[in-house]
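Here is a friendly walk through a structure you may not have met before. Have a look at the sequence and the model first, and then we'll go through the sites one by one.

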Amino acid sequence: MTGVQQFVDNNLERFISELTELLKIPSISTLPENTGDIVKCADFVVERLREAGLNNITVYPTKRHPVVYAEWLELKDAPTVLIYGHYDVQPVDPVELWSTPPFEPVIKDGKIYARGATDDKGQMYMHIKSVETLLKTTGTLPVNVKFLIEGEEEIGSPNLEEFLTQKKEMLKADAVLVSDTALFETGLPTITYGLRGLAYMQVDVEGPNRDLHSGTYGGAVPNPINLLAEMIAKLHDENGKVTIPGFYDDVVQLTQAERDNFKKLNFNLDRYKESIGINDIYGEAGYTTIERAGARPTLDCNGIWGGFAGSGAKTVIPSKAGAKISMRLVPNQDHKKIAELFTKYIYEIAPPALKVTVQDLHGGPAAMVPIDNPVIKAASNAMSKAFGKDTVYTREGGSIPIIASFQRILEAPAVLMGLGLNTENLHSPNEHFDLGNFRLGILCSAYFLQEFGKK
Ligand code: BES
Ligand code: MN
Ligand code: MN
């Protein structure tokens with residue numbers, strides 16, 4: 001057993017109780033009423049970084065939520081790793097579907113339940129504990145380390161790119177280490193080498209100037225819900241392809257090597273269907289589930305409203321209806337261009353009888369990391385050492401918009417070393433994080449810093 005492993009095992013209970021305290025802070029970034037909790041959470045992270053032995057710990061205010069920075073730069077001629085994570089979390093509704101309150105963490109069957117457990121507080125905290133472990137067991141670190149922990153990831157990191165640009169010198173690094181993705185399956189060490197981008201839109205439609213009696217007017221006036229539904233239906237064809245002209249123009253196609261690699265992952269379709277309670281899968285013709293969810297661009301309605309949705313029946317033609325529609329993008333698709341193509345097409349197919357408005361709510365680019373990069377090799381070795389198994393490579397459907405900016409602005413490759421599981425209910429009620437993976441993640445992080453230091 002290594003000294004690192006010994007220290008982690010001897011201190012795991014304390015690490016978990018610190019994580020429990022972190023998870024009690026309702027740092028929901030999108031809700032104005034939680035701004036105080038965001039500040040409290042940033043301060044909590046500062047204290048833990050201090051205890052771990054980091055230096056120059058600073059809270060940088062932004063236009064919205066603060067960024068926490070810390071560093072340990074004692075080595076000459078050693079590479080520097082920038083560790084990125086986020087301390088903000090998603091809202092908790094529908095809160096009535098939680099078995100226990102979202103900000104009162106409980107441990108059950110080796111998993112800790114709370115909002116932010118897997119996304120991303122639990123995963124971010126692994127790195128603080130790995131640095132503490134290395135410093136306390138060896139008195140030094142194998143590489144220089146910087147921490148950048150933000151509070152706006154869940155709202156699309158609106159101020160972080162400007163921060164990267166302004167603090168480019170301070171943040172300079174040879175690699176960026178991120179744990180905010182998932183293992184392909186339990187027990188399988190996984191490096192994610194691709195993330196999708198995002199364009200998030202809102203469509204509002206308006207018909208008559210007020211709600212109308214559906215008997216008096218029904219059939220003679222434009223019904224905003226009927227027509228909005230028709231417009232949404234037109235966004236896909238019978239093969240599950242998105243019909244927006246130009247949507248696929250810039251898409252980087254999957255390579256045969258990637259498709260072969262995905263096949264080797266032995267994706268279990270029955271388990272997948274069972275885990276989310278669906279009778280059958282659905283998607284773009286000609287692609288497998290892994291490809292559809294990780295490497296192909298898609299369009300989904302996230303929410304739709306209008307008219308009467310209470311219990312019972314009310315006979316009414318609504319005045320207004322609307323929908324939130326997101327598109328997940330792949331490398332080389334420009335989210336601003338896609339938002340424009342979407343807007344143009346919606347206006348094109350909008351029935352003249354309706355007033356239609358389209359808003360571009362937010363977006364971000366996809367990211368790809370070349371897997372032949374030595375930093376990926378170091379990460380893969382580290383994960384294999386912790387798990388005792390060969391590391392696999394996959395692409396994920398989720399988005400972390402700032403990853404592309406790290407690569408562009410800091411010119412540093414990103415290592416996506418996620419220890420979550422897609423079944424851990426991120427963004428959903430009863431979010432949790434497997435504490436066995438929390439422990440392994442601390443080891444993966446420490447071993448990665450050691451591997452990267454060998455160069
Ligand atoms: N950690 C997730 C991204 C993620 C989820 C990566 C699952 C891989 C697998 C991140 O916190 C997130 O939720 N991102 C948002 C981005 C958005 C708010 C701009 C997403 O993907 O919806
Ligand atoms: Mn996250
Ligand atoms: Mn998230």
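A word on terms first: a donor here is an N, O or S atom within 2.8 Å of the metal, and water is not among the atoms, so sites may look incomplete. Keep in mind, too, that this is a predicted model.

**The two metals**

With that in hand, which residue bridges the manganese ion (ligand 3) and the manganese ion (ligand 2)? That's D119, and the two ions it links lie 3.6 Å apart.

Here's how the two sites look next to each other.

| Ion | Protein donors | Distances | Angles among donor atoms |
|---|---|---|---|
| manganese ion (ligand 2) | H86 (NE2), D119 (OD), D180 (OD) and D180 (OD) | 2.0 to 2.4 Å | 57 to 165° |
| manganese ion (ligand 3) | D119 (OD), E154 (OE), E154 (OE) and H427 (NE2) | 2.1 to 2.5 Å | 56 to 155° |

Take the manganese ion (ligand 3) to begin with. Why is its arrangement called irregular? Its six donor atoms subtend angles of 56 to 155°, and that spread makes the arrangement irregular. Along the chain, its donor residues follow the spacing D-x34-E-x272-H. E154 sits in the loop between strand 6 (144–150) and helix 4 (160–166), while H427 sits in the loop between strand 17 (414–416) and strand 18 (432–434), so this pair ties together parts that are 273 residues apart in sequence.

Now for the manganese ion (ligand 2). Its site also has six donor atoms and is irregular. The donors are spaced H-x32-D-x60-D in sequence. Distant parts of the chain get linked here as well: H86 belongs to strand 3 (residues 80–86) and D119 to helix 3 (residues 117–138), with their positions 33 residues apart in the numbering.

**Ligand 1 and its surroundings**

Next comes ligand 1, which has 17 residues around it. The ones that come nearest are E153, D180, R328, S399 and H427. Two of these names are already familiar: D180 is a donor of the manganese ion (ligand 2), and H427 coordinates the manganese ion (ligand 3).

What kinds of residues make up the shell around ligand 1? Four are nonpolar, seven polar and six charged.

A few polar pairings stand out by name. A nitrogen atom of ligand 1 is 2.8 Å from a side-chain N or O atom of D180. R328 has a polar side-chain atom 2.8 Å from an oxygen atom of ligand 1, and for E154 a similar pairing with a ligand oxygen spans 3.1 Å. As for cover, ligand 1 taken alone exposes 520 Å², and the protein buries 91% of that.

Where does ligand 1 lie with respect to domain 1 and domain 2? Both domain 1 (3–195 + 366–453) and domain 2 (197–251 + 297–364) give residues to its shell, so ligand 1 lies between them.

**Some backbone details**

Finally, the backbone. The peptide bond joining D119, the bridging residue, to D120 is cis, with omega at about 0°. D120 is in helix 3. Another cis peptide bond runs from D93 to P94, with omega near 0°, and P94 is in the loop between strand 3 and strand 4 (106–108).

D109 is one more residue to look at: it isn't glycine, yet its phi is positive, near 50°. You'll find D109 in the loop between strand 4 and strand 5 (111–113).

Key. Residues are numbered from 1 along each chain as its sequence is written. Chains are lettered from A and ligands numbered from 1 in the order in which they are written. This is a predicted model: local features need pLDDT of at least 70, side-chain atom pairs count only at pLDDT 80 or more; totals for chains, interfaces and linings use all residues. Side-chain values use heavy atoms; hydrogens and water are left out. A residue is near a molecule or strand if one of its heavy atoms lies within 4 Å of it. A polar contact is a pair of N or O atoms within 3.5 Å; within protein, one must be able to donate a hydrogen and the other to accept it, and residues adjacent in sequence count only if both atoms are side-chain atoms. Accessible areas come from the Shrake-Rupley method with a 1.4 Å probe; for residues, only the protein chains shown count as cover. Ala, Val, Leu, Ile, Met, Phe, Trp, Tyr, Cys and Pro count as nonpolar, Asp, Glu, Lys and Arg as charged, and the others, Gly among them, as polar. Domain bounds come from an automatic or database domain assignment. Donors are N, O and S atoms within 2.8 Å of the metal (3.2 Å for Na, K and Ca); water is not among the atoms, so sites may look incomplete. Four donors count as tetrahedral if all angles lie between 85 and 135 degrees; four count as square planar and six as octahedral if opposite donors are over 155 degrees apart and all others between 65 and 115; anything else is irregular. Helices (H or I, at least four residues) and strands (E, at least two) are DSSP runs, numbered from the N terminus.
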